[in-house]
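Please look through the sequence and the model shown here before reading on. The report that follows starts from a single residue and then widens to helices and strands.

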Amino acid sequence: KVVFFRSQTHLDDAEHEAFAGLFGDPVAHPTVPVAEGSRYLLDLDSKEGYAASSWHTDVTFVDAYPKASILRAITVPEAGGDTVWANGETAYEGLPEPLRQLANTLWAVHTNDYDYAAQFGVTKDSPQSVKDRQAFQRSVFASTVYETEHPVVRVHPVSGQRSLLLGHFVRNFVGLNPKDSARLFAILQEHVTREENVVRWRWEAGDVAFWDNRSTQH
């Protein structure tokens with residue numbers, strides 16, 4: 001579900017965008033400003049601690065979320081910074097039959113107005129620093145709040161394979177209260193991120209990762 005290309009150091013932003021355009025119509029993130037001089041690219045700088053640190057599928061809080069995403073490494077740290085992808089199809093196939101039948105009936109509410117405090121809950125920073133980072137995330141990422149319902153089991157439009165569509169943009173399951181939603185979400189999400197369903201990538205400068213956003217989390 002994810003393809004890796006090593007040492008694509010010849011790519012610049014314009015070529016990155018042109019590459020994406022070969023596979024469809026690229027779209028900008030609905031709330032996060034694009035990189036300077038770009039139409040679609042996001043500049044992800046994790047040195048200040050703003051890296052994605054919880055499992056998600058990109059932009060599921062909108063109805064027509066991207067079918068694929070492309071990430072290009074410019075500068076990487078000497079240690080840390082790996083990205084991990086999980087296969088939602090093998091997760092669905094591995095569910096016990098009663099859970100699979102339940103998942104087939106569920107819809108989930110996805111939103112970008114999620115719990116930013118939980119994302120920064122474990123940190124060595126001062127409480128004020130954590131609050132500042134939470135406020136920054138909310139002011140940018142949730143500057144416009146989106147909320148969309150999706151079925152928990154997505155049928156891939158090309159392959160017809162079924163996969164679990166979850167991740168941290170899920171707020172609750174339709175028809176369930178927050179406590180029941182949280183308990184059920186934890187059970188299903190744990191099946192997605194089991195070791196046998198994931199691949200880890202250790203970045204080098206110039207690497208490109210290209211993944212199917214319809215059947216994975218990262």
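Which residues does Asn 112 touch, not counting residues up to four places away in sequence? With contact meaning heavy atoms within 4.5 Å, Asn 112 touches Thr 31, Phe 61, Phe 141, Ala 142, Thr 144, Val 145, Tyr 146 and Phe 169. This is a predicted model, in which local features need pLDDT of at least 70 and side-chain atom pairs count only at pLDDT 80 or more, while totals for chains, interfaces and linings use all residues. Residues are numbered from 1 along each chain as its sequence is written, and side-chain values use heavy atoms, with hydrogens and water left out.

**The chain as a whole**

The chain holds six helices and 11 strands; helices (H or I, at least four residues) and strands (E, at least two) are DSSP runs, numbered from the N terminus. Of its 218 residues, 40% count as buried, where buried means under 20% relative accessible area, exposed over 50%, and partly exposed in between (1.4 Å probe, protein chains only). Among contacts between residues at least 6 apart in sequence, 80% join residues at least 24 apart.

**Two buried loop residues**

Asn 112 is found in the loop between E4 and helix H4 (116–119), and it counts as buried because its relative accessibility is 0%. Its C-alpha atom and that of His 168 are separated by 9.1 Å, although the two residues are 56 residues apart along the chain.

Arg 214 is found in the loop between E10 and strand E11 (216–217), and Arg 214 is also buried, with a relative accessible area of 16%. Leaving aside neighbours within four places in sequence, Arg 214 is in contact with Tyr 65, Pro 66, Lys 67, Arg 154, His 156, Pro 157, Val 158 and Ser 163.

The table lists distances for side chains of these two residues and for the cap of a helix described below. A polar contact is a pair of N or O atoms within 3.5 Å; within protein, one must be able to donate a hydrogen and the other to accept it, and residues adjacent in sequence count only if both atoms are side-chain atoms.

| Side chain | Partner | Distance |
|---|---|---|
| Asn 112 | backbone oxygen of Thr 144 | 2.8 Å |
| Asn 112 | backbone nitrogen of Tyr 146 | 2.7 Å |
| Arg 214 | side chain of His 156 | 3.4 Å |
| Asn 177 | backbone nitrogen of Lys 179 | 3.1 Å |

**Helices H6 and H3**

Helix H6 has 15 residues (residues 178–192), which at 1.5 Å a residue should span 21 Å, and its end C-alpha atoms are indeed 21 Å apart; the expected span is 1.5 Å times one less than the number of residues. Asn 177 caps the N-terminal end of H6 through a side-chain oxygen. The buried residues of H6 are Ser 181, Leu 184, Leu 188, Gln 189, His 191 and Val 192. Seen down the axis of H6, these buried residues fall within an arc of 140 degrees, so they line one face of the helix; the arc is that of the directions from the helix axis to the C-beta atoms. On the other side of H6, Lys 179 and Arg 183 are exposed.

In helix H3 (residues 97–105), the buried residues are Leu 99, Arg 100 and Ala 103. They cover an arc of only 100 degrees around the axis, which puts them on the same side of H3, whereas Pro 98 and Thr 105 are exposed on the other side. The buried residues of H3 pack against helix H2 (88–93), strand E6 (153–155), strand E7 (162–164) and H6.

**Strands and their pairing**

Strands of a sheet pair through backbone hydrogen bonds, either parallel or antiparallel. Here two strands pair if DSSP finds at least two bridges between them. An open sheet of three strands has the order E5-E4-E8, with antiparallel pairing, and its edge strands, E5 (147–151) and E8 (170–173), each pair on one side only. Three bridges join strand E4 (residues 107–111) to E8, and Val 109 stands opposite Asn 172 in E8.

Strand E10 (residues 208–212) has five of its five residues buried, so it is largely enclosed by the rest of the structure. Both faces of E10 are covered, with Val 208, Phe 210 and Asp 212 buried on one side and Ala 209 and Trp 211 buried on the other. Strand E1 (residues 2–5) pairs with E10 in the antiparallel sense over four bridges, and Val 3 stands opposite Phe 210. Strand E2 (residues 68–72) also pairs with E10 in the antiparallel sense, over five bridges, and the bridge partner of Ala 68 in E10 is Asp 212.
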